[in-house]
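I am opening a notebook on a structure I have not looked at before. These entries record what I looked up, one topic at a time.

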Amino acid sequence: MYKDSKGWLWILTRYGGMHYLDENGTLHTVELPEKYSNTNFISILELKNKQLIIGSMNQGIFRIENGKFIENLTLPLTPGEDTIYCIFEDENDDLWFGTHGGMVLLSNGKFRALKKSNGLKSQSVYSIISDGLGGIWISNNFGVQYLPNSELDRFKENGAEDFFIASTLFNKTLGMPNSEANGLIFPAAIQDFSGKIWIPTVEGVGVIDPSSSSQGIQEATNFIWDELHMGDKKNSHRNTNHDSDGGEYVSGLV
């Protein structure tokens, strides 16, 4: 479910279409071409222009405006990769899609994929969140990867197939209870009002405080691993540790 700026509550389904409750509480179904009647819809974002982009499994993206279907676009991915976990609009109004085949950029009407061979630590990208301080944080099967905006701009400008992006990976060695973040849930990460980023993993919730680094990753970033669940047991005990650069992080132990 997702609430847009009109106050409409959007409900995405698997095999059941896309729907929204308007400001009066009336339920509407978006009319789609018949070939999309059994599509799995799994992600959504309202753009700055108030259009909605909705991601799917194996059917690309859907552009919606005022409750009406506008167009469908297929991403340049192989079968099995075209699962759109998340959608992000950057400060230049370009769109990035976290997929099962890496990150896909849509800029000036053209798609381009940033894959594991280009420096991503995992082929799957579950979430993309800007810290507002010069970079984005993406979650995947191997941890949380930080990508500076300058590297994203360099990717846009560099058309080479062997492009390699510079990044920083935060995983279990830096306090994560488990390096594997959760995917195929929406949202797979959220940012609270203080700017902290909350990311669920298979063994607890991690909280990233990007404000601990004012110049990208020049200083250690604090990770707070809040509460761990193992079966029916819950443990909120925390230990303070230090990384190799002297930065502190807090980890929960089972």
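The entries below go from the whole chain to single strands and residues, and then to the empty spaces.

**Entry 1: the whole chain**

I note at the start that this is a predicted model. I looked up the overall make-up. The protein has one helix and 24 strands. It holds 254 residues, and 48% of them count as buried. I also looked up how contacts spread along the sequence. Among contacts with a separation of 6 or more, 44% are between residues 24 or more positions apart.

**Entry 2: a four-stranded sheet and the helix**

I turned to an open sheet of four strands. Its order is E9-E10-E11-E12, and the pairing is antiparallel. Which strands are at the edges? They are E9, residues 84-89, and E12, residues 110-114, and each of them pairs on one side only. From one strand to the next, the twist averages 20°.

I then looked inside this sheet. Strand E10 covers residues 95-99 and strand E11 covers residues 102-107; five bridges join the two, and they run antiparallel. I picked out one pair. Leucine 95 has leucine 106 in E11 as its bridge partner.

Next I looked up the helix. H1 spans residues 149-157 and lies across E10, E11 and E12. Its direction is at about 125° to E12.

**Entry 3: strand E14 and its two partners**

I followed strand E14, residues 135-140. How many of its residues are buried? Six of its six residues are. I checked the faces too. On one side Gly135, Trp137 and Ser139 are buried, and on the other Ile136, Ile138 and Asn140 are, so both faces of E14 are covered.

E14 pairs with E13, residues 127-130, through four bridges, and the two run antiparallel. Serine 127 stands opposite serine 139 in E14. E13 and E14 form a hairpin with four residues between them. In that turn, glycine 132 has a positive phi of about 70°.

E14 also pairs with E15, residues 143-148, in the antiparallel sense over six bridges. Here I met serine 139 again: its bridge partner in E15 is valine 144. The E14 to E15 link is a hairpin too, through two residues.

**Entry 4: histidine 19**

I looked up histidine 19, which lies in strand E3, residues 18-21. Is histidine 19 buried or exposed? Its relative accessible area is 15%, so it counts as buried, the cut-off being under 20%.

I then listed its polar partners. A polar atom of the histidine 19 side chain lies 2.6 Å from the backbone oxygen of glycine 16. The histidine 19 side chain also makes a polar contact of 2.8 Å with the side chain of threonine 29. Threonine 29 appears again among the contacts beyond four places in sequence. With Thr29, that list holds Leu9, Trp10, Ile11, Thr13, Leu27 and His28.

**Entry 5: lysine 48**

I moved on to a loop residue. Lysine 48 lies between strand E5 (40-46) and strand E6 (52-57). Why does lysine 48 count as partly exposed? Its relative accessibility is 47%, and the partly exposed class runs between 20% and 50%, so lysine 48 falls within it.

Which residues does lysine 48 touch, leaving aside neighbours within four places in sequence? They are Glu89, Asp90, Glu91 and Asp93. I checked the spacing for one of them. Lysine 48 and glutamate 91 are 43 residues apart in sequence, and their C-alpha atoms are 9.9 Å apart in space.

Two of the links are polar. The side chain of lysine 48 has a polar atom 2.9 Å from the backbone oxygen of aspartate 90. A polar contact of 2.9 Å also joins the side chains of lysine 48 and aspartate 93.

**Entry 6: pocket and cavity**

I ended with the empty spaces. The largest pocket has about 540 Å³ of space. It is lined by 20 residues, and Leu45, Ile128, Ile129, Ala189 and Gln191 lie nearest its centre. E5, E9, E13 and strand E17 (190-191) each give two or more residues to the lining.

How many cavities of 30 Å³ or more does a search of the whole structure find? It finds one. The largest cavity holds about 40 Å³ of space. Its lining includes Asp4, Lys6, Trp10, Lys50 and Gln51. Leu52, Ile64, Glu65, Asn66 and Gly67 line it as well.

How values were computed
Residues numbered from 1 in each chain as written. Predicted model: local features only at pLDDT ≥ 70, side-chain atom pairs only at ≥ 80, totals over all residues. Heavy atoms only, no water. Buried < 20%, exposed > 50% of the residue type's maximum accessible area, 1.4 Å probe, protein only. Contact = heavy atoms within 4.5 Å. Polar contact = N/O pair within 3.5 Å; in protein donor to acceptor, adjacent residues only side chain to side chain. Pairing = 2+ DSSP bridges. Axes fitted to C-alpha atoms, helices over the stretch in contact; angles between N-to-C directions. 1 Å grid on protein atoms, 1.4 Å probe; cavity = no way out; pocket = protein on both sides within 12 Å on 5 of 7 lines; lining within 4 Å. Points joined across faces, edges and corners; volume = space filled by probe spheres on them.
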